[in-house]
Amino acid sequence: MSAPVLEVREVHKVYGEGATATHVLKGVSLAIDRGEMVALIGASGSGKSTLLNILGTLARPTSGQVTMLGEDLTRADDDTLTEFRNRHIGFVFQFHHLLPDFTALENVMFPSAVRAGRERAQARARAAALLAQVGLSERADFRATQLSGGQKQRVAIARALMNGPELILADEPTGNLDRQNAMQVMDLLARINRESGTSFLISTHDEEIAARCGRRVVISDGVIAADKRAAR
């Protein structure tokens, strides 16, 4: 059996010190296998967002270990984490965070341009192919302000895939969409998961969205309260 794409062991996160310290994560352990599609469920204040930030190397745990693709990221310096994140992790947020004055194609290319320090012909071709994959070839030259909400989120998904990450962290990716567009986005994520083997961790409050994933992880008061795979 192959090693997990991501594994966290006994992760704690404490903000502040002394009497004002807030213990947000209390010994979280979790592993995500290659090709898994996992729903992360938790109420506001449960520690869900903090955990996502740590998994995405945007925050450091107070204690515990974070390993991805066999690399211990816990003690890595900031430059190493930035490079690792750009190469191996994609992000999709509830609010798409597209650059409004850029076209759909330019937005998708952005992670590659940041990594390479310039725009490359190969990157433009890959971005065009990703827009085709999410059904937006005809909108490639439209600025972000000219796209609908559902189209913007599909551009954001293509952008997350630009550098070929092994893991995509999606934070309420359908939370700002109507039901029809939300289901279309989930259909797209599920297809990408099947076709590419990319692992997904999808944070959601929506039970219908969670039911579309092969595994449900529930976090409550800073601990994993339930972890259940769907029956096959």
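In this predicted model, V217 sits opposite D227 of strand β10. That contact belongs to an antiparallel pairing between β9 and β10 (residues 223-229), which runs over 6 bridges. The two strands form a hairpin with 2 residues between them, and D221 there takes a positive phi near 50°. β9 also pairs with strand β3 (residues 37-41), this time in the parallel sense and over 4 bridges. In that pairing, I41 stands opposite V218 of β9. The side chains of β9 (residues 215-220) alternate neatly: R215, V217 and I219 point to one face and are buried, whereas R216, V218 and S220 point to the other and are not. So to speak of the two neighbours just named, V217 belongs to the buried face and V218 to the other one.

Positive phi turns up at a couple of other spots too. Most residues other than glycine have a negative phi, which makes such spots worth a look. E10 is not a glycine, yet its phi is positive at about 50°. This residue lies in strand β1, and with a relative accessible area of 48% E10 is partly exposed. T57 is another non-glycine with a positive phi, of about 60°. T57 belongs to the loop between α1 (48-55) and β4 (63-68). Because its relative accessibility is just 7%, T57 counts as buried, the cut-off being 20%.

T57 comes up again in the lining of the largest cavity, along with I54, A59, R60, P61, V66, L73, T74 and L81. The volume of this cavity is about 70 Å³, and the count of cavities of 30 Å³ or more comes to 1. By class, the cavity lining holds 6 nonpolar, 2 polar and 1 charged residues.

Then there is the open space. The largest pocket comes out at a volume of about 520 Å³. Its lining has 21 residues, and those closest to the pocket centre are N86, F91, F110, P111 and R159. Two or more lining residues come from each of α2 (78-88), β6 (89-93), α3 and α5 (149-161). α3 gives the largest share, 5 residues. As for chemistry, the pocket lining divides into 11 nonpolar, 6 polar and 4 charged residues.

Of the helices that line the pocket, α5 gets a closer look here. Its 13 residues should span 18 Å at 1.5 Å a residue, and the end C-alpha atoms are 19 Å apart, so the two figures agree. α5 is also mostly covered, with 11 of its 13 residues buried. Among the buried ones are G150, V155, A156, I157, A158, A160 and L161, and also Q151, K152, Q153 and R159. R159, then, is buried and is also one of the residues closest to the centre of the largest pocket.

How far can the details be trusted? The chain averages a pLDDT of 88, and 95% of the residues score at least 70. Confidence is highest in strand β1 (residues 6-15), at a mean of 95, and lowest in helix α3 (residues 104-116), at 80. Put next to the pocket, that lowest-confidence helix is the one that gives the largest share of the lining. At the other end of the range, β1 is the strand that holds E10.

Methods. Residues are numbered from 1 along each chain as its sequence is written. Side-chain values use heavy atoms; hydrogens and water are left out. Buried means under 20% relative accessible area, exposed over 50%, partly exposed in between (1.4 Å probe, protein chains only). Two strands pair if DSSP finds at least two bridges between them. pLDDT is the predictor's confidence in each residue, from 0 to 100. On a 1 Å grid over the protein atoms alone, a cavity is a set of points where a 1.4 Å probe fits but cannot get out, and a pocket is an open set with protein on both sides within 12 Å along at least five of seven lines; lining residues have an atom within 4 Å of a point. Grid points are joined across faces, edges and corners, and a volume is the space filled by probe spheres set on the points. Ala, Val, Leu, Ile, Met, Phe, Trp, Tyr, Cys and Pro count as nonpolar, Asp, Glu, Lys and Arg as charged, and the others, Gly among them, as polar. The expected span of a helix is 1.5 Å times one less than its number of residues.
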